[in-house]
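This report describes one protein model for a reader who has not seen it before. It takes up an internal cavity, then helix packing, then some details of the backbone.

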Amino acid sequence: MLNLDNDHFCILPWIHLHVSQNGRVSPCCNNNRYLGNVQENSIENIWKGEKFEELREQFKNNISDKRCSHCYNIEASGKKSMRQISNQKYTQELNRVEENNPEPIYLDIRFSNICNFKCVTCWHGNSSAWFEEGGKKNASKNRIIKAFTNNFDELLHYLDDVKEIYFAGGEPLIMEEHYQIIEELEQRQLFDVELRYNTNFSNFKFKNKNVLHLWKKFKKVHISASVDAAFETGEQIREGFRWKEFIENRKQMLDICPEIYFEIAPTVSTLNIFNLPELHRELVTQQLLEIDHIYLNFLERPFQYNLKSLSFTEKEKAKKLIEKHLQWLIKNSAKENILIQYKTLLNFLY
């Protein structure tokens, strides 16, 4: 019997299909191990292919993969990694491992790099807005990069069995493919599918559609808003971001679909470490965010923005700010898992 507490076992290769903006299939968004490309082969051939089977056998035998270092580093700092979260969330799917009968039930397809923001820590591969500045560092000669060039319909074949879809980008709420998937789920009455998003939360309208009204039809929608800092600092980090617009969009969401889970997911870096507590407090104080609805992402690269690159003096300054924020969180009855995130941040810092 498999032990979910094993150091290296990960259930994702049995349930999870990740396709990046250029069509490349990898184990997940944090591991760049090459498993195939949907522009060169069918999803079925890749999913049932030799490279995927090798990966499954490796994890089944609790053998580590150096490309899983992101999860290993997160776990070492004391925070739960994507590997651990997925193992826990999909425990009931372990029979897929035992029976060696996998089928993708969790889709993470980055349909394109289309994005209306140009964030400091981003690049052309994840944002079309970087094309002009990227030059030789661009991921492609084309401004727009698309995952599927000819076999998008094959993806629809898997929707009847899907339990979760994660949309990210680029910016998913301005992608044609995102709305094609939602419309297909509507037509098949698949409103039990969990929809999760990482979005810059800047635009709810696409052609004649308003995504807020579409979300109301689904039983479980989880929104992670990528916002790094409040006011001008946030606007400087993410070019295209407008603080007032973000606030108005959140109010509109509360008016139309208040039942939807909403959290902020700051990417913590040298650019916002000194403003992070202000962002959290501001949104909670305005009653636009539940105090426990925050997920901290620790930036690893580019390294010049990694918290570990701060000087000792800067780290000490950041430490005092975070410790003061922890006291505010405790005073306002924040849950233990939120306190752990900030304590983990202090571990990561050093």
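The largest cavity has a volume of about 120 Å³. The model is a predicted one, and it holds 1 cavity of 30 Å³ or more. The lining consists of 14 residues, and C10, L12, C28, C68 and C71 are those nearest the centre. By kind, the lining of this largest cavity comprises 9 nonpolar, 3 polar and 2 charged residues. Helices α1 (12–15), α4 (69–76) and α5 (82–89) each contribute at least two residues to the lining.

**Helix packing**

Helix α13 (residues 276–285) takes part in two packings described here, one with α14 and one with α12.

The axes of α13 and α14 (residues 312–331) come within 10 Å of each other and cross at roughly 25°. Angles under 35 degrees count as roughly parallel, so α13 is roughly parallel to α14. The crossing of α13 past α14 is left-handed. On the α13 side the contact involves P277, H280, R281 and V284, which meet L321, I322, H325, W328 and L329 of α14. The residues of this contact are 6 nonpolar, 2 polar and 1 charged.

Helix α12 (residues 243–256) packs with α13 at an angle of about 40°, and the two axes are 12 Å apart. That angle makes α12 oblique to α13. Their crossing is right-handed. W243, F246 and I247 of α12 form the contact with L279, E282 and L283 of α13. Of the residues in the contact of α12 with α13, 5 are nonpolar, none is polar and 1 is charged.

**Backbone details**

Most peptide bonds are trans, and most residues other than glycine have a negative phi. The table gives two cis peptide bonds of the model.

| Cis peptide bond | Omega |
|---|---|
| G169 to G170 | near 5° |
| R301 to P302 | about 0° |

Where in the fold do G170 and P302 lie? G170 is in the loop between β6 (164–167) and α9 (176–187). P302 is in the loop between β14 (297–298) and α14, the helix that packs with α13.

N62 has a phi near 60°, which is a positive value in a residue other than glycine. This residue, N62, is located in the loop between α3 (50–60) and α4. Helix α4 is also one of the helices that supply at least two residues of the lining of the largest cavity.

Technical notes
Residues are numbered from 1 along each chain as its sequence is written. This is a predicted model: local features need pLDDT of at least 70, side-chain atom pairs count only at pLDDT 80 or more; totals for chains, interfaces and linings use all residues. Side-chain values use heavy atoms; hydrogens and water are left out. On a 1 Å grid over the protein atoms alone, a cavity is a set of points where a 1.4 Å probe fits but cannot get out, and a pocket is an open set with protein on both sides within 12 Å along at least five of seven lines; lining residues have an atom within 4 Å of a point. Grid points are joined across faces, edges and corners, and a volume is the space filled by probe spheres set on the points. Helices (H or I, at least four residues) and strands (E, at least two) are DSSP runs, numbered from the N terminus. Ala, Val, Leu, Ile, Met, Phe, Trp, Tyr, Cys and Pro count as nonpolar, Asp, Glu, Lys and Arg as charged, and the others, Gly among them, as polar. Axes are lines fitted to C-alpha atoms, for helices over the stretch in contact, and angles run from 0 to 180 degrees between N-to-C directions. Angles under 35 degrees count as roughly parallel, over 145 as roughly antiparallel, 65 to 115 as roughly perpendicular and the rest as oblique. A crossing is left-handed if the near helix is turned anticlockwise from the far one by less than a right angle, and right-handed if clockwise. Contact means heavy atoms within 4.5 Å.
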